[in-house]
Amino acid sequence: MAEARIDGIEASYEYDAAPWQLRVEAIHQDPRNLTTDQQLLRRARDSVTVSAQRTFGPVALGIDVLATGEREDFGFPEPVTLESYVLANLTARWQVNPALAVVG
């Protein structure tokens, strides 16, 4: 039976003072297959996420940015290395009334 373990450290910080909400999170990990002593496939060793949101009355606008390191994946005949990447998401929320919100 194969075994795996992920050792690492995660740190985060949040700032919440209207009208701003900010969050930063960093992860450094060692995702390891204990049977083969290789890094687990599709698991990056490092990632950082930064989020910011600003409210304007009933409207909130935000951005989330994720940066993650390279990682190994299945390939033929040998595993392949997937490059690191950055992903950004924009968000919007309109609180129409206490019971209804429109989110995008």
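Strand E2 supplies the largest share of a nonpolar surface patch, namely three residues. Helices and strands here are DSSP runs numbered from the N terminus, where a helix (H or I) has at least four residues and a strand (E) at least two. The structure is a predicted model, in which local features need pLDDT of at least 70 and side-chain atom pairs count only at pLDDT 80 or more, whereas totals for chains, interfaces and linings use all residues. Residues are numbered from 1 along each chain as its sequence is written, and side-chain values rest on heavy atoms, with hydrogens and water left out.

The patch itself consists of Tyr13, Tyr15, Trp20, Leu22, Val24, Val48 and Val50, which together have about 630 Å² of accessible area. Strand E1 (4-17), E2 and E4 are the elements that give two or more residues to it. Patches are built from residues with over 30% relative accessible area and no salt bridge; like charges are joined within 9 Å, and nonpolar side chains (Val, Leu, Ile, Met, Phe, Trp, Tyr) within 5 Å. The areas come from the Shrake-Rupley method with a 1.4 Å probe, and for residues only the protein chains shown count as cover. One member of the patch, Val48, lies in strand E4. Val48 has a relative accessible area of 37% and is therefore partly exposed, a class that falls between buried (under 20%) and exposed (over 50%), judged with a 1.4 Å probe and protein chains only.

The charged side chains form a second theme. Side chains of opposite charge can pair when their charged atoms come close. Six salt bridges are found in a search of the whole structure, each defined as a side-chain nitrogen of Lys or Arg within 4 Å of a carboxyl oxygen of Asp or Glu. One of them joins Asp7 and Arg5, with an N to O distance of 3.2 Å. Both partners are partly exposed: Asp7 has a relative accessible area of 40%, and Arg5 has 45%.

Another salt bridge connects Arg23 with Glu14 at 2.8 Å, N to O. Arg23 is partly exposed at 27%, whereas Glu14, at 57% relative accessibility, is exposed. This pair belongs to a wider arrangement, as Glu14, Arg23 and Glu25 are linked in a network of salt bridges.

A further salt bridge is formed by Asp30 and Arg45, whose closest N and O atoms are 3.0 Å apart. This contact links distant parts of the chain, with Asp30 in strand E2 (residues 20-33) and Arg45 in the loop between strand E3 (38-39) and strand E4 (46-56), 15 residues apart. Asp30 is partly exposed, with 25% relative accessible area; Arg45 is likewise partly exposed, at 30%.

The backbone also merits attention. Most residues other than glycine have a negative phi, and most peptide bonds are trans. Ala18 and Pro19 are joined by a cis peptide bond with omega of about 10°, and Pro19 lies in the loop between E1 and E2. A cis peptide bond also runs from Phe76 to Pro77, with omega near 0°; Pro77 is in the loop between strand E6 (71-73) and strand E7 (80-82).

Positive phi values appear at two residues that are not glycine. Asp37, in the loop between E2 and E3, has a phi of about 60°, and its relative accessible area of 53% makes it exposed. Arg42, in the loop between E3 and E4, has a phi of about 65° and is exposed at 52% relative accessibility.

Strand pairing, for which DSSP must find at least two bridges between two strands, connects the elements towards the end of this account. E4 pairs with strand E5 (residues 59-68) in the antiparallel sense over ten bridges, and Arg54 stands opposite Leu61 in E5. The two strands, E4 and E5, form a hairpin with two residues between them, and Gly57 in the turn has a positive phi of about 65°. E5 in turn pairs with strand E8 (residues 85-97), again antiparallel and over ten bridges. In this pairing Ile63 is opposite Leu90 in E8. E5 is thus paired with E4 and with E8.
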